[in-house]
Structures are given as structure tokens and as C-alpha cells.
Amino acid sequence: MTIKVLAYLIIPVYTIAFTGGYNWFTTNFSVIGNLMDKKLAFLIWGIVVGLYFYLIYRRLRPLVRLRPLFSQLIPAALALLFCAITTPYLPDEMPLKSFLHIVFAFVSTVLLLIYLTAVVWVRYRLSPGPYRPYLAGLALILVISLVLLAMAGIISSALEIFVTLTTVAMSERLSNRIRREGPWKKAASLWSLTGSRAA
């Protein structure tokens with residue numbers, strides 16, 4: 001219930017409220033979050049989103065055994081998210097820290113998407129039918145993200161809102177799907193990404 005409330009109520013409402021009053025195509029979370037009256041709100045947003053993906057990771061970890069490199073992607077993504085939230089984005093005053101902020105935020109998102117793709121791919125290899133929509137959904141997220149990037153010319157609030165809400169919703173649905181599957185699929189999920197059984 002906690003994960004569902006976070007995914008469909010708290011995160012969407014808070015994310016929209018956080019960016020409310022700003023043009024979604026000319027600003028982004030970094031710009032808004034470093035305004036004096038938004039710093040605490042940005043920190044809370046990072047904590048809430050980080051907590052959500054930690055809960056998803058904890059739910060999926062015993063059900064989908066990935067190779068160590070892939071299984072550590074979420075902890076790495078959360079660490080980078082924390083670094084991004086706590087590193088100031090003030091390009092004129094702190095260019096190096098601002099550059100690092102961008103790198104932390106971007107790599108964190110990429111690692112999250114790679115993790116979700118790895119989980120879906122493992123399950124797809126075992127049972128293609130139920131997981132084909134998830135592969136298509138990830139591809140659609142990527143395509144729409146590129147369109148939003150091209151439209152704004154920057155990593156905009158519109159892009160960040162879209163990626164946040166779609167990955168949150170997909171993660172919740174994906175984790176529920178895997179939890180509902182029978183014991184034989186849980187056993188089969190121990191297969192690695194290359195198709196060999198994990199030790």
C-alpha cells in the first residue's frame with residue numbers, strides 16, 4: 001500500500017506542486033530547486049523519490065536475481081541522486097559544482113532506466129507475452145523523452161516530470177506483476193541476463 005500511495009498520489013502531486021508556477025519548457029528541477037525558497041522542497045522531493053525506488057529495489061531484489069553489476073544499479077543511482085540534490089546548481093558562481101550536479105542527476109536517471117530494462121529483459125526471456133508491454137513502455141519513455149528534449153533544447157522540467165512519473169508508475173506495476181507470479185517463475189528468475197543459472 002505504501003508503494004502504491006507513493007507512486008500514484010504523493011510523488012505525482014508533490015512533483016507537480018514543486019514545479020508549479022514555472023514554465024516547464026524553460027526551467028528544470030535544478031534551477032527551481034536552487035532558489036532560496038525551494039531548496040527544502042527539492043531536498044524533500046529527492047528523499048521521497050529515493051525512498052520509493054529503494055522500496056521497489058527491496059521488493060524486486062529477492063525475486064529477480066541479476067548479475068552483481070546490474071543488481072547494484074539502484075543503490076548507485078540513489079547515491080548519485082543524493083549527490084545531485086546536495087550539490088548546488090549555480091552555474092555563474094560555482095561552475096564546477098554545477099557541472100557535477102548535472103552529471104550526478106543524468107547518470108542517476110540512466111542507471112535507473114538500465115536497471116528497469118535489465119529486470120524486464122530477464123522476465124521477458126522467461127515469459128515474453130506478459131513482459132512485452134513493459135519493453136514497449138520503456139522504449140516509449142525513451143522516445144518521448146528525446147522528443148521533449150528536442151522541443152525544449154534543454155533537460156526541462158517537462159522532461160524531468162515525464163521521466164519521474166512514468167518510471168515510478170512502471171516500477172510499481174512491474175513489481176506487482178512479478179510478485180503475483182507463481183513459484184516456478186520465481187525460481188526461473190534466478191537466471192542471469194545471459195541465460196545461465198546464477199550461483
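**Notes on the predicted model**

1. Let's start with a tryptophan. Trp24 counts as partly exposed, because its relative accessible area is 33%, between the 20% and 50% limits. Trp24 sits in the loop that runs between H1 and H2. Worth a look in the viewer: the C-alpha atoms of Trp24 and Leu159 are separated by 8.3 Å, although their positions lie 135 residues apart along the chain. Keep in mind throughout that this is a predicted model.

2. Now for another pair that is far apart in sequence. Ser30 belongs to helix H2. Ser30 is buried, because its relative accessibility is 9% and the limit for buried is under 20%. From C-alpha to C-alpha, Ser30 and Ser156 are 9.4 Å apart in space, with a sequence separation of 126 residues.

3. How many salt bridges does a search of the whole structure find? The count is one. The partners are Glu172 and Lys4, and their closest N and O atoms are 3.1 Å apart. Glu172 is part of helix H8 and Lys4 is part of helix H1 (residues 2-19), so this pair ties together parts that are 168 residues apart in sequence.

4. Are the two partners of that salt bridge buried or exposed? Glu172 is buried, because its relative accessible area is 2%. Lys4 counts as partly exposed, because its relative accessibility is 39%. The limit that matters for both is 20% relative accessible area, under which a residue is called buried.

5. Staying with helix H1, Ile10 is found there too. Ile10 counts as partly exposed, at 37% relative accessibility. Ile10 and Arg59 are 49 residues apart in sequence, and their C-alpha atoms are 19 Å apart in space.

6. On to the pocket, if you're thinking about a grid box. The largest pocket holds about 960 Å³ of space. Its lining is made of 37 residues, and the closest to the pocket centre are Ala105, Phe106, Thr109, Glu160 and Val163. Two or more lining residues come from each of these elements: helix H2 (29-33), helix H3 (39-60), helix H5 (73-86), helix H6 (95-126), helix H7 (128-152) and helix H8 (157-180).

7. Which element gives the most to that lining? H6 does, with ten residues. As for chemistry, the lining of the largest pocket divides into 27 nonpolar residues, nine polar ones and one charged.

8. The surface has something to check as well. A nonpolar patch is formed there by Leu96, Phe99, Leu100, Val103, Phe106, Val107, Val110, Ile114, Leu142, Leu146, Leu149 and Ile155. Together these residues have about 1000 Å² of accessible area. H6 and H7 each supply at least two residues of the patch, and H6 gives the most, with eight. So you'll meet H6 in both places: H6 gives the most to the pocket lining and also the most to the nonpolar patch. Phe106 turns up twice too, as one of the residues closest to the centre of the largest pocket and as a member of the patch.

9. One patch member to zoom in on is Leu149, in helix H7. Leu149 counts as partly exposed, because its relative accessibility is 35%. That value fits the patch rule, which asks for over 30% relative accessible area.

Conventions. Residues are numbered from 1 along each chain as its sequence is written. This is a predicted model: local features need pLDDT of at least 70, side-chain atom pairs count only at pLDDT 80 or more; totals for chains, interfaces and linings use all residues. Side-chain values use heavy atoms; hydrogens and water are left out. On a 1 Å grid over the protein atoms alone, a cavity is a set of points where a 1.4 Å probe fits but cannot get out, and a pocket is an open set with protein on both sides within 12 Å along at least five of seven lines; lining residues have an atom within 4 Å of a point. Grid points are joined across faces, edges and corners, and a volume is the space filled by probe spheres set on the points. Helices (H or I, at least four residues) and strands (E, at least two) are DSSP runs, numbered from the N terminus. Ala, Val, Leu, Ile, Met, Phe, Trp, Tyr, Cys and Pro count as nonpolar, Asp, Glu, Lys and Arg as charged, and the others, Gly among them, as polar. Patches are made of residues with over 30% relative accessible area and no salt bridge: like charges are joined within 9 Å, nonpolar side chains (Val, Leu, Ile, Met, Phe, Trp, Tyr) within 5 Å. Accessible areas come from the Shrake-Rupley method with a 1.4 Å probe; for residues, only the protein chains shown count as cover. A salt bridge is a side-chain nitrogen of Lys or Arg within 4 Å of a carboxyl oxygen of Asp or Glu. Buried means under 20% relative accessible area, exposed over 50%, partly exposed in between (1.4 Å probe, protein chains only).
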